[in-house]
Amino acid sequence: MPAMVRLNFDMKSNPMTIGQVADHFGLQTHVLRHWESVGLLSPARVAGDRRRYTRDDLFRVASIVIAKQAGLPLPDIRRFLAAGDPAARKDVLRSNHRALQLRMAALRSALDLLEAGMNCSHEDITTCPNYRARLAGVAPTGADDPLPSTPQHDESMAGIATPAVATVRRSGA
C-alpha cells in the first residue's frame, strides 16, 4: 500500500472507473473488488454492470487505506465506517489504539537499534558494548547468557537513546 494517501482529486466532471481509482491510490483493482465483496464499498453501477466511484467513494477508499496502514482488520474497518453512532465508532477505534501504540513503540525501538548500529565503529557490531546494551532492550536473553549491565562506551555512539519499549516475536511463536 502507498505510504501516503492522495486526496487531491477533481470530481467536478465524471465519476471514476475502478481502474482510475486503483491507479489513484496505488492499489490493484482486485483489492477494490474484495473490499466491495466484504461490504466496505458500494460504488454505483452503470451499463454493463461497470462500477463508478463518486467523490464520497474516494473518501471511503482513502479511509480504508489509512485504516489498513494503521493495522485495523477489515471487519473493524467495516464497523468503524458503518457506525452511525459516534460512541460505537470510538469503541472500534479505541480497541485498535493500544495495539497501534505498541507497534509504534516497537518500531521506534527497532529504529533506535539501527541508528546505534550505524553509529558504531567496532569491526564486529555484535561485540560493541553500546550496541549490546541497546539490543538487550529489544531481545529476550536467557539466564545463562546475560548481556553486560555496565558496558564500556564507544564515543561514536554517545547520545543514542536506549529503546524504552519493544515487542519481539520469535519465529514459530
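Me: Is Arg 94 buried or exposed?
Reply: This is a predicted model, where local features need pLDDT of at least 70, side-chain atom pairs count only at pLDDT 80 or more, and totals for chains, interfaces and linings use all residues. Residues are numbered from 1 along each chain as its sequence is written, and side-chain values use heavy atoms, with hydrogens and water left out. Buried means under 20% relative accessible area, exposed over 50%, partly exposed in between (1.4 Å probe, protein chains only). Arg 94 has a relative accessible area of 53%, so Arg 94 is exposed.

Me: Which side chain meets Arg 94 in a salt bridge?
Reply: A salt bridge needs a side-chain nitrogen of Lys or Arg within 4 Å of a carboxyl oxygen of Asp or Glu. Here the N to O distance is 3.0 Å. The partner of Arg 94 is Asp 91.

Me: Which residue forms a salt bridge with Arg 45?
Reply: Arg 45 is partly exposed at 34% relative accessibility. Its partner is buried, with a relative accessible area of 19%. The closest N and O atoms are 2.5 Å apart, and the partner is Glu 36.

Me: Which helix gives the most to the largest nonpolar core?
Reply: A nonpolar core is a set of buried Ala, Val, Leu, Ile, Met, Phe, Trp, Tyr and Cys residues joined through side-chain atoms within 4.5 Å. Helices are DSSP runs (H or I, at least four residues), numbered from the N terminus. The largest core has 21 residues; α1, α2, α3 and α4 each supply at least two. With six residues, the top contributor is α3.
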